[in-house]
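Here are a few exercises to try with the structure open next to you. Have a go at each task before you read its solution.

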Amino acid sequence: MTIGRPEDTSEPREGVVLTPEQAKSRRARNIAIGVAVALFVALFYFVTIVKLGGNVVPRAG
Amino acid sequence: MSDASFILDEASAPRAPVAAPGDYFALLKPRVMSLVVFTALAGILLAPTAPHPFIAFASLLAIAVGAGASGALNMWYDADIDRLMTRTRRRPIPAGRLGREEALAFGLFLSIMAVFTLGLVANWLAAGLLAFTIFFYVVVYTMWLKRSTPMNIVIGGAAGALPPVVGFAAATGAVDLSSVILFGIIFMWTPPHFWALALVKREEYGAAGIPMLPNVHGETRTRLEILVYSIVLAPIGVAPYLLGFASPVYGVVSLLLGAALFGCAIEVYLRREGEKARRAAMRLFFFSIVYLSLLFMVLVIERLLALSSWLA
(Lines give C-alpha, C1' and ligand atoms only; values in the text may rest on other atoms or scores of the structure.)
Protein backbone atom coordinates (compact mmCIF):
# COMPACT_ATOMS: atom_id res chain seq x y z
CA MET A 1 0.00 0.00 0.00
CA THR A 2 1.43 3.35 -0.97
CA ILE A 3 0.88 6.29 1.30
CA GLY A 4 1.57 9.69 -0.12
CA ARG A 5 0.17 12.80 -1.75
CA PRO A 6 0.04 12.67 -5.58
CA GLU A 7 1.25 15.76 -7.37
CA ASP A 8 -1.47 15.82 -10.06
CA THR A 9 -4.71 16.26 -8.17
CA SER A 10 -6.85 15.80 -11.31
CA GLU A 11 -5.91 12.08 -11.37
CA PRO A 12 -7.53 9.62 -8.95
CA ARG A 13 -5.44 9.44 -5.81
CA GLU A 14 -3.29 6.37 -5.29
CA GLY A 15 -3.27 4.59 -1.96
CA VAL A 16 -4.34 6.05 1.35
CA VAL A 17 -3.87 9.79 1.52
CA LEU A 18 -3.37 11.00 5.06
CA THR A 19 -4.80 14.24 6.28
CA PRO A 20 -2.27 16.60 7.92
CA GLU A 21 -3.71 15.62 11.29
CA GLN A 22 -3.23 11.91 10.58
CA ALA A 23 0.31 12.47 9.27
CA LYS A 24 1.17 14.45 12.40
CA SER A 25 -0.20 11.78 14.75
CA ARG A 26 1.60 9.04 12.78
CA ARG A 27 4.88 10.91 13.14
CA ALA A 28 4.29 11.34 16.88
CA ARG A 29 3.53 7.61 17.20
CA ASN A 30 6.68 6.70 15.29
CA ILE A 31 8.80 8.87 17.57
CA ALA A 32 7.14 7.35 20.65
CA ILE A 33 7.83 3.81 19.37
CA GLY A 34 11.46 4.74 18.67
CA VAL A 35 11.93 6.16 22.15
CA ALA A 36 10.23 3.12 23.75
CA VAL A 37 12.46 0.67 21.85
CA ALA A 38 15.60 2.64 22.78
CA LEU A 39 14.59 2.67 26.46
CA PHE A 40 13.82 -1.05 26.32
CA VAL A 41 17.29 -1.80 24.90
CA ALA A 42 18.90 0.43 27.55
CA LEU A 43 16.88 -1.31 30.28
CA PHE A 44 18.13 -4.75 29.25
CA TYR A 45 21.68 -3.47 28.81
CA PHE A 46 21.82 -2.16 32.37
CA VAL A 47 19.99 -5.17 33.81
CA THR A 48 22.61 -7.40 32.16
CA ILE A 49 25.44 -5.32 33.62
CA VAL A 50 23.88 -5.44 37.09
CA LYS A 51 23.19 -9.19 36.92
CA LEU A 52 26.68 -10.00 35.67
CA GLY A 53 28.15 -7.68 38.27
CA GLY A 54 31.61 -8.68 39.40
CA ASN A 55 31.34 -12.10 37.77
CA VAL A 56 32.96 -10.87 34.56
CA VAL A 57 35.87 -9.14 36.28
CA PRO A 58 38.08 -12.23 36.87
CA ARG A 59 37.80 -13.24 33.21
CA ALA A 60 38.77 -9.75 32.09
CA GLY A 61 41.79 -9.74 34.41
CA MET B 1 3.03 0.78 -8.08
CA SER B 2 2.66 -2.95 -8.16
CA ASP B 3 -0.41 -4.84 -9.35
CA ALA B 4 -1.35 -5.38 -5.75
CA SER B 5 -1.77 -1.68 -5.13
CA PHE B 6 -5.16 -0.06 -5.35
CA ILE B 7 -6.59 3.27 -6.22
CA LEU B 8 -8.90 5.06 -3.85
CA ASP B 9 -10.58 8.36 -3.78
CA GLU B 10 -10.67 10.22 -0.48
CA ALA B 11 -14.26 9.31 0.36
CA SER B 12 -13.74 5.56 0.11
CA ALA B 13 -10.30 5.53 1.77
CA PRO B 14 -10.11 3.48 4.96
CA ARG B 15 -9.98 5.68 8.03
CA ALA B 16 -6.35 6.05 9.07
CA PRO B 17 -5.81 6.34 12.83
CA VAL B 18 -5.45 9.77 14.38
CA ALA B 19 -4.44 8.51 17.81
CA ALA B 20 -1.54 10.37 19.37
CA PRO B 21 0.88 8.65 21.78
CA GLY B 22 -1.10 10.23 24.61
CA ASP B 23 -4.18 8.22 23.59
CA TYR B 24 -2.22 4.98 23.89
CA PHE B 25 -0.93 6.16 27.25
CA ALA B 26 -4.52 6.85 28.34
CA LEU B 27 -5.35 3.20 27.50
CA LEU B 28 -2.96 2.19 30.28
CA LYS B 29 -5.18 3.90 32.90
CA PRO B 30 -2.30 5.96 34.37
CA ARG B 31 -4.04 6.70 37.66
CA VAL B 32 -4.69 3.03 38.35
CA MET B 33 -1.15 2.29 37.21
CA SER B 34 0.29 4.78 39.71
CA LEU B 35 -1.56 3.02 42.56
CA VAL B 36 -0.25 -0.33 41.31
CA VAL B 37 3.32 1.03 41.24
CA PHE B 38 2.94 2.32 44.76
CA THR B 39 1.53 -0.91 46.21
CA ALA B 40 4.03 -3.08 44.30
CA LEU B 41 6.85 -0.89 45.63
CA ALA B 42 5.60 -1.60 49.16
CA GLY B 43 5.76 -5.32 48.34
CA ILE B 44 9.33 -5.01 47.03
CA LEU B 45 10.42 -3.04 50.11
CA LEU B 46 9.00 -5.67 52.45
CA ALA B 47 11.71 -8.07 51.27
CA PRO B 48 14.08 -9.03 54.12
CA THR B 49 17.07 -8.33 51.87
CA ALA B 50 16.77 -5.45 49.46
CA PRO B 51 17.23 -6.25 45.75
CA HIS B 52 19.61 -4.18 43.63
CA PRO B 53 17.94 -0.77 43.08
CA PHE B 54 18.04 -1.11 39.31
CA ILE B 55 16.53 -4.62 39.42
CA ALA B 56 13.82 -3.25 41.73
CA PHE B 57 13.21 -0.37 39.30
CA ALA B 58 13.04 -2.69 36.26
CA SER B 59 10.68 -5.05 38.12
CA LEU B 60 8.45 -2.15 39.08
CA LEU B 61 8.41 -0.96 35.47
CA ALA B 62 7.39 -4.40 34.23
CA ILE B 63 4.62 -4.63 36.84
CA ALA B 64 3.40 -1.14 35.89
CA VAL B 65 3.34 -2.00 32.18
CA GLY B 66 1.54 -5.27 32.93
CA ALA B 67 -1.09 -3.36 34.91
CA GLY B 68 -1.38 -0.82 32.10
CA ALA B 69 -1.76 -3.60 29.54
CA SER B 70 -4.66 -5.09 31.47
CA GLY B 71 -6.21 -1.61 31.53
CA ALA B 72 -5.92 -1.44 27.72
CA LEU B 73 -7.52 -4.88 27.36
CA ASN B 74 -10.29 -3.78 29.74
CA MET B 75 -10.97 -0.73 27.55
CA TRP B 76 -10.94 -2.94 24.43
CA TYR B 77 -13.62 -5.23 25.87
CA ASP B 78 -15.69 -2.55 27.60
CA ALA B 79 -15.77 -0.04 24.72
CA ASP B 80 -19.53 -0.60 24.28
CA ILE B 81 -20.44 0.26 27.88
CA ASP B 82 -17.79 2.97 28.19
CA ARG B 83 -19.80 4.92 25.61
CA LEU B 84 -22.80 4.93 27.93
CA MET B 85 -21.25 6.43 31.07
CA THR B 86 -20.12 10.04 31.54
CA ARG B 87 -17.14 8.85 33.60
CA THR B 88 -15.77 6.77 30.71
CA ARG B 89 -17.12 8.17 27.46
CA ARG B 90 -14.08 10.42 26.88
CA ARG B 91 -11.74 7.41 26.82
CA PRO B 92 -9.84 7.00 23.50
CA ILE B 93 -12.03 4.22 22.01
CA PRO B 94 -15.53 5.62 22.73
CA ALA B 95 -14.25 9.09 21.76
CA GLY B 96 -13.32 7.64 18.33
CA ARG B 97 -9.61 8.43 18.42
CA LEU B 98 -8.53 4.81 18.54
CA GLY B 99 -9.98 1.56 17.18
CA ARG B 100 -10.78 -1.48 19.34
CA GLU B 101 -8.37 -3.63 17.33
CA GLU B 102 -5.49 -1.26 18.09
CA ALA B 103 -6.30 -1.40 21.80
CA LEU B 104 -6.45 -5.21 21.71
CA ALA B 105 -3.11 -5.52 19.89
CA PHE B 106 -1.50 -2.92 22.16
CA GLY B 107 -2.77 -4.62 25.32
CA LEU B 108 -1.74 -8.13 24.25
CA PHE B 109 1.70 -6.99 23.10
CA LEU B 110 2.41 -5.11 26.33
CA SER B 111 1.09 -8.00 28.46
CA ILE B 112 3.48 -10.47 26.84
CA MET B 113 6.41 -8.04 26.99
CA ALA B 114 5.75 -7.17 30.65
CA VAL B 115 5.51 -10.81 31.77
CA PHE B 116 8.65 -11.92 29.93
CA THR B 117 10.58 -8.85 31.05
CA LEU B 118 9.68 -9.50 34.71
CA GLY B 119 10.63 -13.17 34.28
CA LEU B 120 14.04 -12.29 32.86
CA VAL B 121 14.74 -9.35 35.16
CA ALA B 122 13.44 -10.81 38.44
CA ASN B 123 12.15 -14.40 38.47
CA TRP B 124 9.45 -16.59 36.91
CA LEU B 125 7.30 -16.81 40.06
CA ALA B 126 6.79 -13.05 39.90
CA ALA B 127 6.22 -13.26 36.13
CA GLY B 128 3.65 -16.05 36.62
CA LEU B 129 1.84 -14.00 39.27
CA LEU B 130 1.82 -10.97 36.96
CA ALA B 131 0.40 -13.09 34.12
CA PHE B 132 -2.25 -14.44 36.51
CA THR B 133 -3.11 -10.88 37.60
CA ILE B 134 -3.60 -9.76 34.00
CA PHE B 135 -5.65 -12.89 33.20
CA PHE B 136 -7.78 -12.43 36.31
CA TYR B 137 -8.48 -8.77 35.61
CA VAL B 138 -9.23 -9.17 31.91
CA VAL B 139 -10.90 -12.57 31.65
CA VAL B 140 -12.34 -13.27 35.11
CA TYR B 141 -13.33 -9.71 36.07
CA THR B 142 -13.87 -7.77 32.83
CA MET B 143 -15.25 -10.50 30.56
CA TRP B 144 -17.10 -12.62 33.09
CA LEU B 145 -17.92 -11.13 36.50
CA LYS B 146 -18.39 -7.45 35.69
CA ARG B 147 -21.54 -7.96 33.64
CA SER B 148 -22.93 -11.00 35.41
CA THR B 149 -22.90 -10.59 39.21
CA PRO B 150 -23.11 -7.84 41.85
CA MET B 151 -20.13 -9.56 43.50
CA ASN B 152 -18.05 -8.43 40.48
CA ILE B 153 -15.78 -6.08 42.36
CA VAL B 154 -15.53 -8.29 45.45
CA ILE B 155 -13.98 -11.19 43.52
CA GLY B 156 -12.46 -9.02 40.79
CA GLY B 157 -10.79 -6.92 43.46
CA ALA B 158 -8.25 -9.73 43.82
CA ALA B 159 -6.58 -8.53 40.61
CA GLY B 160 -6.07 -5.04 42.03
CA ALA B 161 -4.82 -6.51 45.30
CA LEU B 162 -2.11 -8.71 43.80
CA PRO B 163 0.59 -6.10 42.90
CA PRO B 164 2.22 -6.12 46.40
CA VAL B 165 2.40 -9.92 46.19
CA VAL B 166 3.97 -9.67 42.71
CA GLY B 167 6.42 -7.04 44.00
CA PHE B 168 7.42 -9.16 47.00
CA ALA B 169 7.84 -12.21 44.76
CA ALA B 170 9.99 -10.18 42.36
CA ALA B 171 12.29 -9.18 45.22
CA THR B 172 12.46 -12.53 47.04
CA GLY B 173 11.28 -15.29 44.70
CA ALA B 174 8.65 -16.25 47.29
CA VAL B 175 5.28 -15.30 48.77
CA ASP B 176 4.92 -14.81 52.51
CA LEU B 177 2.43 -13.61 55.11
CA SER B 178 3.47 -9.94 54.96
CA SER B 179 2.66 -9.64 51.24
CA VAL B 180 -0.58 -11.60 51.75
CA ILE B 181 -1.60 -9.08 54.44
CA LEU B 182 -1.07 -6.22 51.96
CA PHE B 183 -3.18 -8.21 49.49
CA GLY B 184 -5.86 -8.50 52.19
CA ILE B 185 -5.88 -4.74 52.84
CA ILE B 186 -6.49 -3.87 49.18
CA PHE B 187 -8.93 -6.76 48.72
CA MET B 188 -11.14 -5.62 51.62
CA TRP B 189 -10.74 -1.95 50.65
CA THR B 190 -12.05 -2.41 47.09
CA PRO B 191 -15.77 -3.13 47.76
CA PRO B 192 -16.53 -0.12 50.03
CA HIS B 193 -14.53 2.10 47.67
CA PHE B 194 -16.45 1.11 44.53
CA TRP B 195 -19.84 0.66 46.18
CA ALA B 196 -19.64 4.24 47.49
CA LEU B 197 -19.22 5.36 43.88
CA ALA B 198 -21.94 2.95 42.72
CA LEU B 199 -24.41 4.54 45.15
CA VAL B 200 -23.90 7.88 43.40
CA LYS B 201 -23.61 6.55 39.84
CA ARG B 202 -26.34 3.93 40.25
CA GLU B 203 -28.39 5.09 37.27
CA GLU B 204 -25.39 5.16 34.95
CA TYR B 205 -24.35 1.66 35.93
CA GLY B 206 -27.97 0.57 35.43
CA ALA B 207 -28.13 2.14 31.96
CA ALA B 208 -24.91 0.39 31.01
CA GLY B 209 -26.30 -2.94 32.27
CA ILE B 210 -23.63 -3.45 34.92
CA PRO B 211 -25.16 -5.28 37.91
CA MET B 212 -23.58 -3.27 40.71
CA LEU B 213 -24.79 -4.05 44.23
CA PRO B 214 -27.10 -0.99 44.60
CA ASN B 215 -28.84 -1.87 41.31
CA VAL B 216 -29.37 -5.53 42.17
CA HIS B 217 -29.92 -5.64 45.95
CA GLY B 218 -30.79 -2.02 46.65
CA GLU B 219 -29.16 0.84 48.49
CA THR B 220 -29.96 -0.36 52.03
CA ARG B 221 -28.11 -3.65 51.52
CA THR B 222 -25.22 -1.77 49.87
CA ARG B 223 -24.88 0.65 52.79
CA LEU B 224 -24.87 -2.27 55.23
CA GLU B 225 -22.23 -4.16 53.24
CA ILE B 226 -20.06 -1.04 53.04
CA LEU B 227 -20.23 -0.82 56.83
CA VAL B 228 -19.39 -4.52 57.29
CA TYR B 229 -16.41 -4.38 54.90
CA SER B 230 -15.13 -1.22 56.65
CA ILE B 231 -15.32 -2.97 60.03
CA VAL B 232 -13.33 -5.91 58.67
CA LEU B 233 -10.87 -3.66 56.83
CA ALA B 234 -9.85 -1.55 59.87
CA PRO B 235 -8.10 -4.38 61.82
CA ILE B 236 -6.48 -5.79 58.66
CA GLY B 237 -5.10 -2.30 58.05
CA VAL B 238 -3.43 -2.43 61.49
CA ALA B 239 -2.14 -6.01 60.96
CA PRO B 240 1.27 -5.00 59.50
CA TYR B 241 2.07 -3.40 62.88
CA LEU B 242 0.53 -6.23 64.91
CA LEU B 243 2.53 -8.81 62.95
CA GLY B 244 5.73 -6.86 63.42
CA PHE B 245 6.61 -5.73 59.90
CA ALA B 246 5.58 -2.11 60.40
CA SER B 247 6.49 0.42 63.12
CA PRO B 248 4.29 1.78 65.94
CA VAL B 249 3.95 4.97 63.85
CA TYR B 250 2.26 2.89 61.15
CA GLY B 251 0.16 1.26 63.88
CA VAL B 252 -1.14 4.62 65.12
CA VAL B 253 -1.72 6.00 61.60
CA SER B 254 -3.56 2.87 60.46
CA LEU B 255 -5.71 2.89 63.61
CA LEU B 256 -6.70 6.53 63.09
CA LEU B 257 -7.33 6.05 59.36
CA GLY B 258 -9.37 2.91 60.02
CA ALA B 259 -11.50 4.78 62.57
CA ALA B 260 -12.02 7.67 60.11
CA LEU B 261 -13.00 5.27 57.32
CA PHE B 262 -15.40 3.54 59.68
CA GLY B 263 -16.86 6.97 60.53
CA CYS B 264 -17.41 7.71 56.82
CA ALA B 265 -19.08 4.29 56.39
CA ILE B 266 -21.41 4.98 59.34
CA GLU B 267 -22.36 8.29 57.76
CA VAL B 268 -23.16 6.52 54.49
CA TYR B 269 -25.25 4.00 56.43
CA LEU B 270 -27.21 6.66 58.31
CA ARG B 271 -27.72 9.33 55.63
CA ARG B 272 -29.92 7.62 53.09
CA GLU B 273 -31.68 10.31 51.10
CA GLY B 274 -31.06 13.49 49.17
CA GLU B 275 -27.96 15.58 48.74
CA LYS B 276 -26.56 14.63 52.16
CA ALA B 277 -26.60 10.94 51.20
CA ARG B 278 -24.80 11.68 47.93
CA ARG B 279 -22.18 13.78 49.71
CA ALA B 280 -21.61 11.10 52.35
CA ALA B 281 -21.04 8.48 49.63
CA MET B 282 -18.62 10.72 47.71
CA ARG B 283 -16.81 11.56 50.95
CA LEU B 284 -16.31 7.85 51.61
CA PHE B 285 -15.20 7.30 48.01
CA PHE B 286 -12.52 10.01 48.18
CA PHE B 287 -11.48 9.24 51.74
CA SER B 288 -10.99 5.58 50.85
CA ILE B 289 -8.39 6.71 48.27
CA VAL B 290 -6.66 8.79 50.97
CA TYR B 291 -6.87 5.83 53.36
CA LEU B 292 -5.11 3.38 51.05
CA SER B 293 -2.58 5.91 49.78
CA LEU B 294 -1.55 7.00 53.28
CA LEU B 295 -1.29 3.45 54.63
CA PHE B 296 1.06 2.42 51.84
CA MET B 297 2.90 5.73 51.92
CA VAL B 298 3.78 5.29 55.61
CA LEU B 299 4.81 1.70 54.94
CA VAL B 300 7.00 2.72 51.99
CA ILE B 301 8.60 5.68 53.78
CA GLU B 302 9.51 3.72 56.91
CA ARG B 303 10.98 0.87 54.84
CA LEU B 304 13.01 3.39 52.82
CA LEU B 305 14.25 5.02 56.04
CA ALA B 306 15.20 1.62 57.45
CA LEU B 307 16.98 0.79 54.20
CA SER B 308 18.94 4.08 54.17
CA SER B 309 20.01 3.66 57.81
CA TRP B 310 21.07 0.07 57.02
CA LEU B 311 23.12 1.30 54.06
CA ALA B 312 24.73 4.14 56.09
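**Exercise 1.** Work out whether α9(B) is mostly covered or mostly open to the outside.

*Solution.* Keep in mind that this is a predicted model. Start by finding the helix: α9 of chain B runs over residues 177–200. Next, apply the cut-off, where buried means under 20% relative accessible area. Of the 24 residues in α9(B), 18 are buried, so by the cut-off of under 20% the helix is mostly covered.

**Exercise 2.** Compare the length of α9(B) with its expected span, then look for a kink.

*Solution.* Take the expected span first: at 1.5 Å a residue, it is 34 Å. From the first C-alpha to the last, the helix reaches 36 Å, which is close to that. Now follow the helix axis until you get to B:T190, where there's a kink of about 25°. Shortly after the kink comes a proline, B:P191.

**Exercise 3.** Describe the second largest pocket: how much space does it hold, and what lines it?

*Solution.* Begin with the volume, about 1200 Å³. The lining has 33 residues, and those nearest the centre are A:A32, A:A36, A:V37, B:F106 and B:L110. Then ask which elements give two or more residues to the lining: α1 (20–52) of chain A does, along with α1 (21–27), α3 (53–77) and α5 (100–121) of chain B. The largest share, 12 residues, belongs to α1(A). Last, sort the lining by class: you get 29 nonpolar, 2 polar and 2 charged residues.

**Exercise 4.** Classify the ring pair B:F285 and B:F286, and say how well each residue is covered.

*Solution.* Over all chains there are 12 aromatic pairs. In this one, the ring centres are 5.2 Å apart and the planes make an angle of 70°. Planes over 60 degrees apart count as edge-to-face, and that's the label for this pair. For the cover, B:F285 is buried because its relative accessibility is 12%, while B:F286, at 48%, is partly exposed. While you're looking at rings, find the cluster in which ring pairs link A:Y45, A:F46, B:F54 and B:F57.

**Exercise 5.** Where does B:K29 sit, and is it buried or exposed?

*Solution.* Go to the loop between α1 and α2 (30–45) of chain B, and you'll find B:K29 there. Check its backbone: phi is near 50°, a positive value in a residue other than glycine. Finally, B:K29 has 13% relative accessibility, so it counts as buried.

Methods:
Residues are numbered from 1 along each chain as its sequence is written. Chains are lettered from A and ligands numbered from 1 in the order in which they are written. This is a predicted model: local features need pLDDT of at least 70, side-chain atom pairs count only at pLDDT 80 or more; totals for chains, interfaces and linings use all residues. Side-chain values use heavy atoms; hydrogens and water are left out. Helices (H or I, at least four residues) and strands (E, at least two) are DSSP runs, numbered from the N terminus. The expected span of a helix is 1.5 Å times one less than its number of residues. The bend at a residue is the angle between axes fitted to the seven residues ending there and the seven starting there. Buried means under 20% relative accessible area, exposed over 50%, partly exposed in between (1.4 Å probe, protein chains only). On a 1 Å grid over the protein atoms alone, a cavity is a set of points where a 1.4 Å probe fits but cannot get out, and a pocket is an open set with protein on both sides within 12 Å along at least five of seven lines; lining residues have an atom within 4 Å of a point. Grid points are joined across faces, edges and corners, and a volume is the space filled by probe spheres set on the points. Ala, Val, Leu, Ile, Met, Phe, Trp, Tyr, Cys and Pro count as nonpolar, Asp, Glu, Lys and Arg as charged, and the others, Gly among them, as polar. Rings of Phe, Tyr and Trp (its six-membered ring) pair if their centres lie within 6.5 Å; planes under 30 degrees apart count as stacked, over 60 as edge-to-face and the rest as tilted.
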